[in-house]
Each structure stands twice: as structure tokens, then as C-alpha cells.
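Reader: Hi! I'm new to reading structures, and I'd love a close look at one part of this one. Could you walk me through the second largest pocket, what lines it and how it sits beside the largest one?

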Amino acid sequence: MSARSIALFLDMMAAERGAAHNTLEAYRRDLEDAATRLKARGGSLDTARTTDLEIYLADLAAAGLSASTSARRLSALRRYFKFLLRDGLRTDNPAADLSGPKKARTLPGVLGQDQVEVLFRAAEDGDDPDSVRLRAMLELIYSCGLRVSELVTLPLSAFARAERCLVITGKGGKDRLAPLTDTALEAVAAYKSVREHYLPSETAPYRKRAEHFLFPSKTARGGHLTRERFAQMLRSLTGRAGLDPARISPHVMRHAFATHLLANGADLRSV
């Protein structure tokens with residue numbers, strides 16, 4: 001049944017989440033690997049218990065897979081079993097209480113592509129307005145290589161035209177073009193449907209100012225989400241993803257964009 005369940009899961013991710021082809025293939029590889037290893041031990045992915053998954057993760061470590069790769073595969077299992085539970089195909093989620101592998105120390109400020117994927121998968125777990133907003137901000141800062149100050153002060157008008165580029169006014173008042181990926185456009189479109197949630201009331205003193213920004217704030221004097229608040233949101237997400245919050249910051253995300261762009265010849269998530 002695993003192959004059929006995996007196919008149903010991927011169909012859901014494509015239809016409900018708009019997951020890109022490369023993302024779907026990554027999920028497929030991770031889940032098929034788990035199914036193969038569990039079957040080799042006489043088990044099954046769809047009937048796996050928490051102890052079976054713990055043994056699977058131990059096998060990955062014994063095989064020499066990096067902690068970040070194991071964390072990515074655990075993220076796939078969590079989402080997969082959450083889907084099975086939601087659709088009544090299981091009555092429990094055996095991956096819910098599993099903790100990710102401890103990360104080996106690496107150079108500060110360096111974020112691997114596996115870790116970026118784990119971070120984005122963790123951001124996809126929620127459907128509430130805060131989760132939708134955070135996904136949009138992550139896509140923009142990573143896919144477009146924005147500085148955090150540029151991200152939080154993006155004007156709403158930056159997305160008013162049909163062009164697939166943002167015109168960013170950077171340091172020294174110089175403009176540059178930031179191409180928009182499909183995933184970034186989709187994330188921003190989803191966020192716009194909940195943006196009203198973050199606007200101050202009609203009578204609030206900062207209402208008119210806040211209306212100017214893509215990411216408004218109900219309380220910040222400047223009318224937009226602050227850099228400090230975004231950093232807090234990012235730290236919370238990295239903790240949920242099983243990554244080290246001390247190693248990930250908005251600046252590190254932007255640095256990852258440049259590093260992965262050079263490594264791949266294109267934006268990692270521009271599918």
C-alpha cells in the first residue's frame with residue numbers, strides 16, 4: 001500500500017500546497033527510501049510504529065548520512081503521516097514525537113541546501129495567517145536575496161504590476177532588479193489573502209502608513225513588521241525544524257541565497 005499512499009500524498013501536495021515538481025520528487029525519494037529500508041527489516045511504511053522510525057533514523061546515521069539529510073527525511077515522514085491521519089488512513093502519527101538528529105557543528109553563517117529544504121518544509125506545516133505570512137517572507141528573502149530591511153519595508157505597490165521582478169532600492173538609494181520565482185509569486189499571492197489580518201484598525205494612528213507596506217504591523221510605529229520581529233519568527237521556525245536557532249538569521253538566509261545560486265547556476269527553488 002505504501003506506493004499508493006505516497007502517490008496520494010504527492011497528489012495532495014501538488015493540489016493543495018502547489019508544491020513544485022522538484023519538491024514533489026524530493027518527497028518521493030525520501031518516502032520511498034523509508035519504505036524500502038522498513039521493508040528490508042520486515043516492516044511497512046504505512047504500518048510503522050514510532051520505534052520502527054527510530055530504528056530507521058538510526059540506520060541512516062549508521063550509513064553515514066548527514067544529520068541535515070536525516071532531518072529532512074524526518075520532516076517528510078512527519079508530513080506524510082500527518083496526511084494519513086487527516087485522511088483517516090491511520091489513527092495516529094508515529095513521527096509526531098520523534099526528535100531530529102543532533103546537528104554536527106559547522107562553520108557559522110553557512111547554511112546547506114538540505115537545511116534550507118528542512119526549514120521550508122517546517123514552514124509549510126501550518127495554514128494559519130502567521131504561517132502563510134512567514135512562508136512568503138522566507139521565499140522573498142531567500143529566492144530574491146533580499147536584505148531583511150528591504151524585506152520588511154517592501155511597499156505593497158511593488159507587486160502591483162505584472163512583471164516578474166521587484167525593483168529594490170538598496171543602500172545608497174541604488175535600485176536593482178530581483179527576479180521573482182514561481183514559488184515566491186505563489187507564496188505572496190497566498191499571503192495577500194490574509195494580509196488584512198495584520199492591518200491596524202481603521203481608527204489606529206498608523207493605519208494609513210501601514211497600508212503602504214506589503215507586511216504591515218498593527219503596533220510598530222513605522223507601520224511595517226520590524227526586523228527584530230522577523231528574526232524572532234525565524235528563530236522559532238528553526239527550532240521547530242530541528243535546526244540550531246543560534247546559527248540561522250535573516251542575514252544567513254540571504255547569504256545562503258548567494259552561495260546556492262553560485263553552486264547551482266540558478267536559484268535552488270526557481271522551479
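Author: The lining residues of the second largest pocket split into nine nonpolar, eight polar and nine charged. That lining is made of 26 residues in this predicted model. If you want to find the middle of the second largest pocket, look for Ala122, Ala123, Asp125, Ser236 and Arg240, which lie nearest its centre. The space inside the second largest pocket comes to about 420 Å³.

Now for the elements around it. Four helices each give at least two residues to the lining of the second largest pocket: H4, H5 (113–123), H6 and H10 (227–240). Among them, H4 provides the largest share, with six residues.

With that picture in mind, turn to the largest pocket. Its volume is about 530 Å³, and 23 residues line it. Nearest the centre of the largest pocket you will find Glu16, Arg17, Gly18, Glu124 and Arg135. Two or more lining residues come from each of helix H1 (2–17), helix H4 (67–86), helix H6 (129–143) and helix H8 (182–192). You can spot H4 and H6 among the helices named for the largest pocket, and H4 and H6 also appear among those named for the second largest pocket.

The chemistry of the largest pocket is worth a look too. Its lining holds twelve charged residues, eight nonpolar and three polar, while the lining of the second largest pocket holds nine charged, nine nonpolar and eight polar.

Note on methods:
Residues numbered from 1 in each chain as written. Predicted model: local features only at pLDDT ≥ 70, side-chain atom pairs only at ≥ 80, totals over all residues. Heavy atoms only, no water. 1 Å grid on protein atoms, 1.4 Å probe; cavity = no way out; pocket = protein on both sides within 12 Å on 5 of 7 lines; lining within 4 Å. Points joined across faces, edges and corners; volume = space filled by probe spheres on them. Nonpolar A, V, L, I, M, F, W, Y, C, P; charged D, E, K, R; others polar.
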